[in-house]
Amino acid sequence: MPAPRTVLLTGAAGGLGTLMRGLLPAYGYELRLFDAVPVEGEPDAITADLGDRAALREAVRGVDAIMHLAGISLEASFDKILRANIEGTYNLYEAAREEGVRRVVFASSNHVVGYTPRPLPGDPLIPIDAPRRPDTFYGLSKSFGEDLAQLYWDRHGMETVSVRIGSCFPEPTSVRMLSVWMSPEDGARLFHAALTAEDVGHTVVHGSSDNTRLWWDLTTARALGYEPKDDSEPYAARLVAEQGELDPDNPDHAHLGGHFCTHPPIWPR
Ligand code: NAI
Ligand code: 15L
């Protein structure tokens, strides 16, 4: 596959979309932006919902690849998740298939495997083929997205890299995040690798920086050519002083998915 140039970025108004709008053009991409809400300062962005199949068809026409970030990014009622994340992702894949788009990078999440026990010091890293244990309807919808991607590869030859993102924010804000944090710069490196690696079929990767306190294995991400450069450890002393080390007796700290397993944050809209 020739290296993609024009990339449709769904979820462009969101936190990660905003970070990637800043970072990805340096890799040579021309971004076409899509979101349910207007993207500030971007009058050409497409404002449409993932439920609008005609708008999606037009949005994907002529792009070389899609970075699919749009959707509900926290927990919500099953009905809301069904519309935005399950039907919405299906609508996007159908539009992409109809328009002949060959590559998708799908923003999956650690919450697909959120109930996996967090590794204690000395335990092996969580492998990429750990059994799926979604911690929310949100995590379940990302698990669906990964299966949809597999189906579209097996049946239609459409390639996807599903990135199980840990926490991609400018800085880690909790002791848990020290283990799953992906710096925005490493996020751009990983998404670039996912957009350009050859013959990915459907590949699932963990998305994080090369953290000292890493919980999961980055082998499949590195196999795409991803070379993380950041580590959350410089933030550790301050966060541990403020919050304390993770407590083996605290249920919020027992699993990869953290408090999503106990009291998940709810999507506000
Ligand atoms: P966000 O909530 O800031 O952004 C999501 C964007 O999707 C919003 O701008 C929203 O308007 C748009 N959106 C929601 N429903 C839509 C619909 N039906 N049609 C069109 N647009 C819709 O989330 P964030 O943090 O930017 O995450 C981006 C993606 O990455 C999400 O899919 C999220 O699940 C995934 N992810 C993010 C992580 C992170 O650390 N930021 C971690 C794991 C996964
Ligand atoms: C996610 O999947 C969410 O979209 C993001 O907002 C964070 O909460 C992240 O997981 C996390 O686990 O820290």
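Q: How do the residues lining the second largest pocket divide into nonpolar, polar and charged?
A: Let's start with this predicted model's second largest pocket. Its lining includes Pro 119, Leu 120, Pro 121, Val 175, Trp 215 and Leu 246, along with Arg 118, Ser 179, Arg 213 and Glu 245. Sorted by class, these residues come to six nonpolar, one polar and three charged.

Q: What volume does the second largest pocket have?
A: This is the pocket lined by residues including Arg 118, Trp 215 and Glu 245. The second largest pocket has a volume of about 150 Å³.

Q: How much space lies in the largest pocket?
A: Happily, there is plenty to say about this one. The lining of the largest pocket is made up of 44 residues, and Leu 69, Gly 71, Ile 72, Ser 73 and Trp 267 are those nearest its centre. By class, that lining holds 20 nonpolar, 16 polar and eight charged residues. The space in the largest pocket is about 1100 Å³.

Q: Which element gives the most to the lining of the largest pocket?
A: At least two lining residues come from each of H1, strand E2 (30-35), helix H3 (78-99), E5 and H4. With five residues, the element that gives the most is H3.

Q: Where does ligand 2 sit?
A: Let's look at the company ligand 2 keeps. Its surroundings are Ser 73, Leu 74, Ser 109, Asn 110, His 111, Tyr 138, Gly 166, Ser 167, Phe 169, Arg 176 and Phe 260. Among these, Ser 73 is also one of the residues nearest the centre of the largest pocket. Ligand 2 itself sits in the largest pocket.

Q: How many residues of each class, nonpolar, polar and charged, are in the shell around ligand 2?
A: The shell includes Leu 74, Phe 169 and Phe 260, as well as Ser 109, Asn 110 and Arg 176. By class, the count is four nonpolar, six polar and one charged.

Q: What percentage of the accessible area of ligand 2 does the protein cover?
A: Oxygen atoms of ligand 2 have polar side-chain partners: one at 2.8 Å in Ser 109, one at 3.0 Å in Asn 110 and one at 2.6 Å in Tyr 138. On its own, ligand 2 has 320 Å² of accessible area, and the share covered by the protein is 82%.

Q: Which pocket is the space taken by ligand 1?
A: Around ligand 1 there are 28 residues, with Leu 16, Asp 35, Ser 73, Tyr 138 and Cys 168 coming nearest. By class, this shell has 15 nonpolar, nine polar and four charged residues. The space that ligand 1 takes is the largest pocket.

Q: How much of the area that ligand 1 exposes when taken alone does the protein bury?
A: Good polar pairs to look at first involve three residues. A nitrogen atom of ligand 1 is 3.2 Å from a side-chain N or O atom of Asp 49, while an oxygen atom of ligand 1 lies 3.2 Å from a backbone N or O atom of Gly 71. The side chain of Tyr 138 has a polar atom 2.6 Å from an oxygen atom of ligand 1. Of the 820 Å² that ligand 1 exposes alone, the protein buries 90%.

Q: Which element gives the most to the shell around ligand 1?
A: Staying with ligand 1, whose oxygen atom lies 2.6 Å from a polar side-chain atom of Tyr 138, we can turn to the elements. Those giving two or more residues to its shell are helix H1 (15-23), strand E5 (103-109) and helix H4 (137-156). With three residues, the element that gives the most is E5.

Note on methods:
Residues numbered from 1 in each chain as written. Chains lettered and ligands numbered in written order. Predicted model: local features only at pLDDT ≥ 70, side-chain atom pairs only at ≥ 80, totals over all residues. Heavy atoms only, no water. Near = heavy atom within 4 Å. Polar contact = N/O pair within 3.5 Å; in protein donor to acceptor, adjacent residues only side chain to side chain. Areas by Shrake-Rupley, 256 points an atom, 1.4 Å probe, with all protein chains shown as cover. 1 Å grid on protein atoms, 1.4 Å probe; cavity = no way out; pocket = protein on both sides within 12 Å on 5 of 7 lines; lining within 4 Å. Sits in = over half its atoms within 2 Å of the grid points. Nonpolar A, V, L, I, M, F, W, Y, C, P; charged D, E, K, R; others polar. Helix = DSSP H or I, 4+ residues; strand = E, 2+ residues; numbered from the N terminus. Points joined across faces, edges and corners; volume = space filled by probe spheres on them.
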